[in-house]
Amino acid sequence: LTDGQKAEELIRSWFGGQLGFNDLGVICEVKNNWYGMNICIEEDSVVEQNKKGWIYTSQADSVVFVDLANEQAVLIEMHELQGIYNANKEKYELKEQQTIKDGNTWTSRHRWIPVNKFTHIFLRRFVTNTAKGNLDNV
């Protein structure tokens, strides 16, 4: 599985159903790009074809950024994410990434922004272990 698929599987395992949050009637996109205290926002998807990144094209109500290494996530409402991003993006370096697949090369552009710039909901699954009488992280 790709990291994106792993992130979606993690969210589905927390909320059940086939679509995770989307089963609850909330349209969310899952991104596997939350590391430490920063989230990665795609400014341009394919520079060579003038394709804008998901920050401009997404139809989601919210975005879930997943930290796979720590099995945790943050949920940010899309309208707020777009507004704060557009107002502050020039403060953060625009980084380019080249991807090669099937002999083709394309460039995408991203900015890493501190998650604390946004109002967010922190997500982490806990289960009760009644034999021990405490909470154990899954």
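This passage describes the fold, the nonpolar cores, one hairpin and three individual residues of a predicted model.

The secondary structure of the chain comprises three helices and eleven strands. Read from the N terminus, the elements follow the order α-β-β-β-β-α-β-β-α-β-β-β-β-β. The chain has 138 residues, of which 35% count as buried. Its accessible surface comes to about 8400 Å², and carbon and sulfur atoms account for 48% of that area. Among contacts with a separation of 6 or more, 60% are made by residues 24 or more positions apart.

The interior was examined next. In soluble globular proteins, nonpolar side chains tend to be buried together. In the present model, the largest nonpolar core contains 15 residues, and the members that touch the most others are Ile39, Ile41, Trp54, Phe65, Ile76, Leu81 and Phe118. Two or more residues are contributed to this core by each of β3 (38–46), α2 (54–57), β5 (62–67), β6 (72–77) and α3 (78–88). The greatest contribution is that of α3, with three residues. A second core, separate from this one, consists of seven residues, including Leu10, Val30, Val66 and Ala73.

Ile41 illustrates the surroundings of a residue in the largest core. When neighbours within four places in sequence are set aside, Ile41 is in contact with Trp54, Ile55, Leu81 and Tyr85, and also with Arg109, His110, Arg111, Ile113 and Phe118. Of these partners, Trp54, Leu81 and Phe118 are listed with Ile41 among the core members that touch the most others.

Strand β7 (residues 95–101) presents another picture, for it is hardly covered: none of its seven residues is buried. This strand pairs with β8 (residues 104–114) in the antiparallel sense, and the pairing extends over seven bridges. Within it, Thr99 has Trp106 of β8 as its bridge partner. The two strands form a hairpin with two residues between them.

Backbone angles were considered in the loops. Most residues other than glycine have a negative phi. Asp102, which is not a glycine, nevertheless has a positive phi of about 55 degrees. Asp102 is located in the loop between β7 and β8. Because its relative accessible area is 71%, and a value over 50% counts as exposed, Asp102 is classed as exposed. A positive phi near 55 degrees is also found at Asn50, again a residue other than glycine. Asn50 belongs to the loop between β3 and β4 (51–52). With a relative accessibility of 71%, Asn50 is therefore likewise counted as exposed.

Glu77 was examined as a residue of strand β6. Its relative accessibility is 38%, which lies between the limits of 20% and 50%, so Glu77 counts as partly exposed. Apart from neighbours within four places in sequence, Glu77 is in contact with Asp61 and Ser62. A polar atom of the Glu77 side chain lies 3.0 Å from the backbone nitrogen of His79. The C-alpha atom of Glu77 is separated by 9.3 Å from that of Ile121, although the two residues are 44 residues apart along the chain.

Notes:
Residues numbered from 1 in each chain as written. Predicted model: local features only at pLDDT ≥ 70, side-chain atom pairs only at ≥ 80, totals over all residues. Heavy atoms only, no water. Core = buried A, V, L, I, M, F, W, Y, C linked by side-chain atoms within 4.5 Å. Buried < 20%, exposed > 50% of the residue type's maximum accessible area, 1.4 Å probe, protein only. Helix = DSSP H or I, 4+ residues; strand = E, 2+ residues; numbered from the N terminus. Contact = heavy atoms within 4.5 Å. Areas by Shrake-Rupley, 256 points an atom, 1.4 Å probe, with all protein chains shown as cover. Pairing = 2+ DSSP bridges. Polar contact = N/O pair within 3.5 Å; in protein donor to acceptor, adjacent residues only side chain to side chain.
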